[in-house]
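Student: Could you take me through this model, one question at a time?

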Amino acid sequence: MHTILVTTALLPRAFTDSLQQFGEVRLAHDYSGELWSGVTIVLATVMDALQAEQIAAMPESVQLIANIGVGTDNIDLAAAAARGIAVSNTPVVTEDTADLAMALLLDTCRRLSAGERFLRADQWLQAQGKLGVRVHSKKLGIVGFGDIGQALARRARGFNMEIFYWGPRRKEAAEQALGATYIDSLEALVGAVDIVSLNCPLTAETHHLVDAALLDKFPAHSVLINTGRGPLIDEQALVAALQAGKLAAAGLDVFEREPEVTAALKTMDNVVLTPHIGSATAECRGDMVRRAAGNIAQYVKDGTLIDRVA
């Protein structure tokens with residue numbers, strides 16, 4: 001039997017209880033101590049920073065980190081591999097995250113949140129005087145044309161948007177299916193479109209992908225949406241661009257130093273902020289925990305994983 005350590009108390013009790021079929025289940029928020037004795041499986045979330053230091057502190061008994069989330073940038077995969085620790089994820093968030101990206105795009109362009117704030121403050125005329133920008137028929141540039149990027153493109157087609165994308169590899173089949181156009185440089189993409197959506201993973205190469213130099217390439221009417229990972233954007237550079245009028249608006253679900261949010265962003269009426277809720281539907285969170293349980297069950301059964309990333 002295995003010993004499973006769960007790093008968050010926010011999971012449904014029925015789910016954590018169900019893990020008892022595989023062995024003892026414990027709850028701990030740090031990465032060492034008595035509760036870790038004999039632990040073989042760590043059930044983590046994307047909010048857990050399992051970097052080299054934390055992985056080094058884990059007992060030799062740990063065999064698997066089962067991550068609840070599609071991204072694994074919170075885990076030092078090299079450190080885990082050096083310890084012989086397998087890592088799995090839960091790639092079941094595509095459609096819900098694309099829903100959120102489209103909602104954030106609409107909210108930011110049409111100033112829905114800003115309008116609601118005026119309305120709640122009984123400032124009807126002020127709200128009427130703040131104009132948004134049209135969404136339908138605009139040019140959408142998608143950075144990262146994987147599952148989520150393509151799911152966003154499907155939604156954008158319903159708004160008759162022109163779809164452009166950039167990524168490390170051209171995807172001609174997806175282009176044909178979605179009517180998308182590949183642009184071979186990020187600088188050219190952001191200069192050619194009205195709205196840019198970040199849907200790429202966070203890696204060493206994409207950290208601060210959107211920096212001051214790239215923001216200078218955006219037309220002043222542009223809108224930037226990020227439902228990928230916060231550190232894709234240099235937030236100080238973003239604040240400077242917004243304050244200087246080099247960018248019209250931004251919609252952000254993720255932040256560079258979560259859960260901290262750069263204070264200046266909170267003061268701007270042309271910025272929409274949501275607290276990393278791309279997968280925050282009852283259905284999606286249920287899918288995620290079931291997939292995590294499926295990975296654990298498969299590992300307990302024969303040492304393999306449904307969604308092995310390392």
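## Questions about the model

Student: Which residues of β1 point one way, and which point the other way?

Tutor: In a regular strand the side chains alternate between the two faces of the sheet. β1 fits that picture, and all the residues listed here are buried (under 20% relative accessible area; exposed is over 50% and partly exposed in between, with a 1.4 Å probe and protein chains only). One way point His2, Ile4 and Val6, and the other way Thr3 and Leu5.

Student: Before we go on, from which number are residues numbered?

Tutor: This is a predicted model, in which local features need pLDDT of at least 70, side-chain atom pairs count only at pLDDT 80 or more, and totals for chains, interfaces and linings use all residues. Side-chain values use heavy atoms, with hydrogens and water left out, and along each chain, as its sequence is written, residues are numbered from 1.

Student: Back to strand β1: how many of its residues are buried?

Tutor: A strand here is a DSSP run of E of at least two residues, while a helix is a run of H or I of at least four, both numbered from the N terminus. Strand β1 covers residues 2–6 and is largely enclosed by the rest of the structure, because the buried count is five of the five.

Student: Which residue in β2 is the bridge partner of Leu5?

Tutor: β1 pairs with strand β2 (residues 23–27) in the parallel sense over five bridges; strands pair if DSSP finds at least two bridges between them. In β2, the partner of Leu5 is Arg26.

Student: Which residues is Thr3 in contact with, leaving aside its neighbours within four places in sequence?

Tutor: Thr3 lies in strand β1 and is buried, with a relative accessible area of 12%. Contact means heavy atoms within 4.5 Å. Once neighbours within four places in sequence are left aside, Thr3 touches Glu24, Arg26, Gly38, Val39, Thr40 and Ile41.

Student: Now a loop residue: is Val135 buried or exposed?

Tutor: Val135 sits in the loop between α6 (124–128) and β6 (139–143). Its contacts, apart from neighbours within four places in sequence, are Leu105, Leu106, Cys109, Arg110, Phe159 and Met161. With a relative accessibility of 5%, Val135 counts as buried.

Student: How far apart are the C-alpha atoms of Val135 and Asp194?

Tutor: Along the chain, these two are 59 residues apart. In space, the separation of their C-alpha atoms is 9.2 Å.

Student: And which residue in β7 is the bridge partner of Val143?

Tutor: β6 is largely enclosed by the rest of the structure, because four of its five residues are buried. β6 pairs with strand β7 (residues 162–166) in the parallel sense, over five bridges. The β7 partner of Val143 is Trp166.

Student: What covers the buried residues of α7?

Tutor: Helix α7 (residues 147–157) has eight of its eleven residues buried, so it is largely enclosed by the rest of the structure. Those buried residues are Ile148, Gly149, Gln150, Ala151, Leu152, Ala153, Arg155 and Ala156. Their cover includes α4 (94–110), β6, β7, α8 (172–178) and β9 (195–198).

Student: Which peptide bond is cis?

Tutor: Look at Pro259, in the loop between β11 (249–252) and α12 (263–266). With omega near 0°, the cis bond is the one from Glu258 to Pro259.

Student: What is the phi of His208?

Tutor: His208 belongs to the loop between β9 and α10 (212–215). His208 is partly exposed, at a relative accessible area of 23%. Although His208 is not a glycine, its phi is positive, about 55°.

Student: What is the relative accessible area of His276?

Tutor: His276 is in the loop between β12 (271–273) and α13 (282–302). Its phi is also a positive value in a residue other than glycine, near 50°. His276 is partly exposed, with a relative accessible area of 21%.

Student: Stepping back to the chain, what is its radius of gyration?

Tutor: The secondary structure comes to 13 helices and twelve strands. The globule rule (2.2 Å times the number of residues to the power 0.38, with the radius taken over C-alpha atoms) gives 19 Å for 310 residues, and the chain's value is close to that, so it is as compact as a globular protein of that length: 21 Å.

Student: Finally, what share of the residues counts as buried?

Tutor: The C-alpha trace spans about 65 × 50 × 35 Å along its principal axes. Among contacts between residues at least 6 apart in sequence, 57% join residues at least 24 apart. Of the 310 residues, the buried share is 51%.
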